[in-house]
Amino acid sequence: MNRVELALAVAPLPFLDAHADDPAAMLDVRGGPAPKILVWHHETLASLFRQDSRLRHPGSRSLGPLLGPKSMLWADGARHAAYRKLLGPPLRGRRLETYHSLITQATASAIDSLGTGAVFGLAAWTRRLALDIVARIVLGDADPVLLRDVTVWLDRTLGSRHRTLAYRLLRGGLPVSGAELDARLVAAAKSGREPRSLVSPLLTGNGPLGPVPDDELRDQVVSLLFAGHETTASATAWTLYWLTTRPDLRDAVLSELEATTGDGSDPAEVPVLQAVIAEALRLHPPVEVAGNRALPEAVDLHGRTLPAGTVLTPAIYLAHHRSEYFPSPHAFDPGRFLGRRGVPEGYLPFGGGTRFCLGSQLGQLEIRMITAAVLRRRVLRCVNPRAGVAKLRGHAMAPSARLRLEVVACRD
Ligand code: HEM
């Protein structure tokens, strides 16, 4: 491990913050014949995403053992395209309406558990709820014992940065889920009660993928559960944190909620809430870096020739903290997004190119609906606002596990 890798492993955010305004917006992480470089200049990113289908996606050393070697996150070519063709349509547009009642019900019972005076860890609460929701969508069912065991495994793996580091450095990698949990995940995918579960097209043996073997099915189930809940949970937690600690924003969102009977699913009805979410995704992007891209041939970039095989990693956090794109980048200012059409330069919470997040619409829908329901039903107070600092869980940037909210009143 070299000096940069060590700094990124030990104190990633202060190290990254010190580099956000570097003129070339490139940071060498590793040298050698196949260098690894973080990139965040908007032109570099645009060019990378434009030619994404020609690039290789070699995966991530940290997430690889978790999600498995056959995860669609590092599939390439026809197999990757086939996964997107099958899994993409149910995750966007009108098809999302089929999830509204499921999100409403899961959220209502999570809020029911919060009585007046309850003090709860925000990040863990949103993680439990987001996992419950995504399991119902992916598997067609949410077996609480199975989800608890998935949570225990992920917490053991990612819950403490020191432990994660020790696994990587001293034990040769993060702990795998194990044959027993894998078998239960595959069985749950195959026995889901909902015929339109997200994984159901993978079970038919028809279509562009053909029969999907159990080990590959396991990797997609874990990938979808993981990518679909750590991210959404983190963004929901940040949204609730800001709405709890900034009464001006909370009042503005509450007034737009009072003006509608809607459940928050329609972004046009809640523009301030949507702007708060967009800004939370900017300031604390749940995924700090997008997937690695490997160059098939040598390329000239900012006066340097990068050899074939160079791995370029789009650095979402760094792009979001570049003052050229976002003046006063550390300030929380949803006004940047209010009334704005189109995506600002340097804004990429969902990555880009052929790997653009498959669940971006679902994730934002969940955040809006959960936040709207919480704000309508509970008055919250942040017990320890100074714990509202970002912590990395793997690549996911969540609020510190110490951050707690108190239910001041119930409005049921
Ligand atoms: C706020 C919530 C979310 C954020 C911020 C987020 C962010 C991301 C990012 C940055 C990537 C990598 C893109 C790239 O490398 O260019 C990604 C990929 C992916 N996300 Fe999300 N995500 C969210 C929610 C979800 C949800 C709810 C699901 C599914 C249920 C999901 C499924 C996926 C999948 C399958 C990929 C891999 C796409 C591919 O490789 O083709 N995500 N996401």
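Visitor: At what angle do helix H10 and helix H12 pack?
Guide: This is a predicted model. H10 covers residues 179–191 and H12 covers residues 214–245. Their axes lie 9 Å apart. The packing angle is about 85°.

Visitor: Are H10 and H12 roughly parallel or roughly perpendicular to each other?
Guide: Angles of 65 to 115 degrees count as roughly perpendicular. H10 and H12 pack at about 85°. The two helices are therefore roughly perpendicular.

Visitor: Which residues in H12 does H10 meet?
Guide: The H10 side consists of Asp182, Leu185, Val186 and Ala189. By class, this contact has six nonpolar, no polar and three charged residues. On the H12 side stand Asp214, Leu217, Arg218, Val221 and Val222.

Visitor: Which residues are closest to the ligand?
Guide: The ligand is surrounded by 26 residues. By class they divide into 15 nonpolar, nine polar and two charged. The closest are Gly228, Gly351, Cys357, Gly359 and Gly363.

Visitor: Where does the largest share of the shell around the ligand come from?
Guide: Helix H16 (360–377) and H12 each supply at least two residues of the shell. The largest share is six residues. That share comes from H12.

Visitor: Is Leu240 buried or exposed?
Guide: Leu240 lies in helix H12. A residue is buried if 20 or more other C-beta atoms lie within 10 Å of its own. Leu240 has 27 C-beta neighbours inside 10 Å, so it counts as buried.

Visitor: Which residues does Leu240 touch, not counting residues up to four places away in sequence?
Guide: Leu240 sits in H12. Ala280 is 40 residues away from Leu240 in sequence, and the C-alpha to C-alpha separation is 9.6 Å. The residues that Leu240 touches are Leu122, Thr371 and Val374.

Visitor: Which strands does H12 lie across?
Guide: H12 runs at about 85° to E8. E8 pairs with E11 in the antiparallel sense over five bridges. In that pairing, Leu380 has Val407 in E11 as its bridge partner. The strands under H12's crossing are E8 and E11.

Visitor: Which strands stand at the edges of the sheet E3-E11-E8?
Guide: This is an open sheet of three strands with antiparallel pairing. Each edge strand has a single partner strand, so one side of each is left without a neighbour in the sheet. The edge strands are E3 (119–121) and E8 (378–382).

Visitor: How many bridges join E3 to strand E11?
Guide: E11 covers residues 404–410 and runs antiparallel to E3. Val119 stands opposite Glu406 in E11. The number of bridges joining E3 to E11 is three.

Visitor: What is the order of the open sheet with four strands?
Guide: The pairing in this sheet is mixed. Strand E1 (26–30) and strand E4 (293–294) are the edge strands, each pairing on one side only. The order is E1-E2-E7-E4.

Visitor: Which residue in E7 does Leu38 stand opposite?
Guide: Strand E2 (residues 36–39) pairs with strand E7 (residues 311–314). The sense is parallel, over four bridges. The residue opposite Leu38 is Thr313.

Visitor: At what angle does helix H3 run to E7?
Guide: H3 covers residues 42–50. This helix lies across E2, E4 and E7. The angle to E7 is about 115°.

Visitor: Which residue in the E9 and E10 hairpin turn has a positive phi?
Guide: Strand E9 (residues 390–393) and strand E10 (residues 396–399) pair antiparallel over four bridges. Arg393 has Ala396 in E10 as its bridge partner. Two residues lie between the strands, and the positive phi of about 60° belongs to Gly394.

Visitor: Is Ser328 buried or exposed?
Guide: Ser328 is in the loop between helix H15 (316–320) and H16. Its phi is positive, about 45°, although it is not a glycine. A residue with 12 or fewer C-beta neighbours within 10 Å is exposed. Ser328 has 9 inside that distance, so it counts as exposed.

Key:
Residues numbered from 1 in each chain as written. Predicted model: local features only at pLDDT ≥ 70, side-chain atom pairs only at ≥ 80, totals over all residues. Axes fitted to C-alpha atoms, helices over the stretch in contact; angles between N-to-C directions. Parallel < 35°, antiparallel > 145°, perpendicular 65-115°, else oblique. Contact = placed C-beta atoms within 7 Å. Nonpolar A, V, L, I, M, F, W, Y, C, P; charged D, E, K, R; others polar. Near = placed C-beta within 6 Å. Pairing = 2+ DSSP bridges.
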